[in-house]
Amino acid sequence: MIETILGDLSLNHWYLATCKPKQESRALENLLNQEIEAFLPEVEVEKVVKGKIRVVVEPLFPGYVFIRLEEDNPLWGKIRSTRGLKDFVRFGGQPASIPVKVIEQLRQTSTLYSSRQRISQVPQKGQAVLLIGGAFSGLQAAFEISDGDSRAYVLLEVLGKTQRLQVDIQDLVVS
């Protein structure tokens with residue numbers, strides 16, 4: 001079934017191209033506008049952005065995009081001048097080809113993360129965190145619960161007693 005979606009795999013090969021910083025989506029859009037098949041695996045990630053928990057979509061491989069082309073395709077020159085792209089990943093001067101099975105696996109993984117799961121960079125209850133701001137900076141604590149978007153409660157042991165402390169969520173780092 002996947003072979004019918006991808007077409008005749010013996011004629012085309014996948015290659016890895018590097019992108020300019022933070023321009024993976026731009027490169028993908030420009031490649032698709034040129035009718036060049038490209039793939040940018042992305043995942044949803046829970047992050048603390050400006051003190052609030054947000055879900056952001058990020059490239060699975062920042063700085064890279066996969067491109068499918070025939071070896072003798074005249075579009076090779078066009079690709080090098082596509083906005084957002086730098087060049088192909090090369091070994092010995094030749095663009096390195098990526099096995100089709102790797103791309104198939106990445107497509108399945110990318111679909112799995114975007115439709116069912118979310119990668120979380122927000123601490124879970126009981127997880128060890130390091131306080132990096134405020135009066136208790138540098139101390140280890142246990143994450144208890146998030147209080148809205150920008151605050152959290154942690155359990156901190158001070159003088160042999162466990163204290164519940166409210167902190168800015170941006171002042172926590174998972175340790």
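A surface patch is built from residues with over 30% relative accessible area and no salt bridge, where like charges are joined within 9 Å and nonpolar side chains (Val, Leu, Ile, Met, Phe, Trp, Tyr) within 5 Å. The model is predicted: local features need pLDDT of at least 70, side-chain atom pairs count only at pLDDT 80 or more, and totals for chains, interfaces and linings use all residues. Residues are numbered from 1 along each chain as its sequence is written, and side-chain values use heavy atoms, with hydrogens and water left out.

**Exercise 1. Determine which residues make the nonpolar surface patch of about 380 Å².**

Solution. Step 1: the patch is made by Phe136, Leu139, Val158 and Leu159; accessible areas come from the Shrake-Rupley method with a 1.4 Å probe, and for residues only the protein chains shown count as cover. Step 2: Val158 belongs to strand S13, residues 151–158; helices (H or I, at least four residues) and strands (E, at least two) are DSSP runs, numbered from the N terminus.

**Exercise 2. Identify the residues that form the positive surface patch, and place Arg83.**

Solution. Step 1: Lys20, Arg26, Arg83 and Lys86 form this patch. Lys and Arg count as positive and Asp and Glu as negative, while His and the chain ends are not counted; the place of a charge is taken as NZ of Lys, CZ of Arg, CG of Asp or CD of Glu. Step 2: Arg83 is located in the loop between helix H3 (76–80) and strand S6 (85–88). Step 3: Arg83 is exposed, with a relative accessible area of 57%; exposed means over 50%, buried under 20%, and partly exposed in between (1.4 Å probe, protein chains only).

**Exercise 3. Examine the surroundings of Glu24 and state whether this residue is buried or exposed.**

Solution. Step 1: Glu24 is part of helix H2, residues 24–33. Step 2: Glu24 is buried yet has no salt bridge, a salt bridge being a side-chain nitrogen of Lys or Arg within 4 Å of a carboxyl oxygen of Asp or Glu. Step 3: the nearest side chain of opposite charge, Lys22, is 6.8 Å away. Lys22 itself is exposed, with a relative accessible area of 80%, and has a positive phi of about 60° although it is not a glycine. Step 4: leaving aside neighbours within four places in sequence, Glu24 has contacts (heavy atoms within 4.5 Å) that include Cys19, Leu40 and Tyr64.

**Exercise 4. Describe where Ile36 lies and which residues it touches.**

Solution. Step 1: Ile36 sits in the loop between H2 and strand S2 (37–39). Step 2: Ile36 is buried, at a relative accessible area of 2%. Step 3: not counting residues up to four places away in sequence, Ile36 touches Leu31, Ile67, Arg68, Leu69, Leu75 and Ile79. Step 4: Leu69 is 33 residues from Ile36 in sequence, with a C-alpha to C-alpha separation of 7.5 Å.

**Exercise 5. State how many salt bridges the structure holds, and analyse the pairs of Arg107 and Glu144.**

Solution. Step 1: the structure holds 4 salt bridges. Step 2: Arg107 and Glu37 meet through their side chains at 3.5 Å, N to O. This pair links distant parts of the chain, with Arg107 in helix H4 (residues 100–115) and Glu37 in strand S2, 70 residues apart. Step 3: Glu37, Arg68 and Arg107 are linked in a network of salt bridges. Step 4: Glu144 and Arg164 form a salt bridge at 2.6 Å, N to O. Glu144 lies in strand S12 (residues 140–147) and Arg164 in strand S14 (residues 161–168), so the pair ties together parts that are 20 residues apart in sequence.
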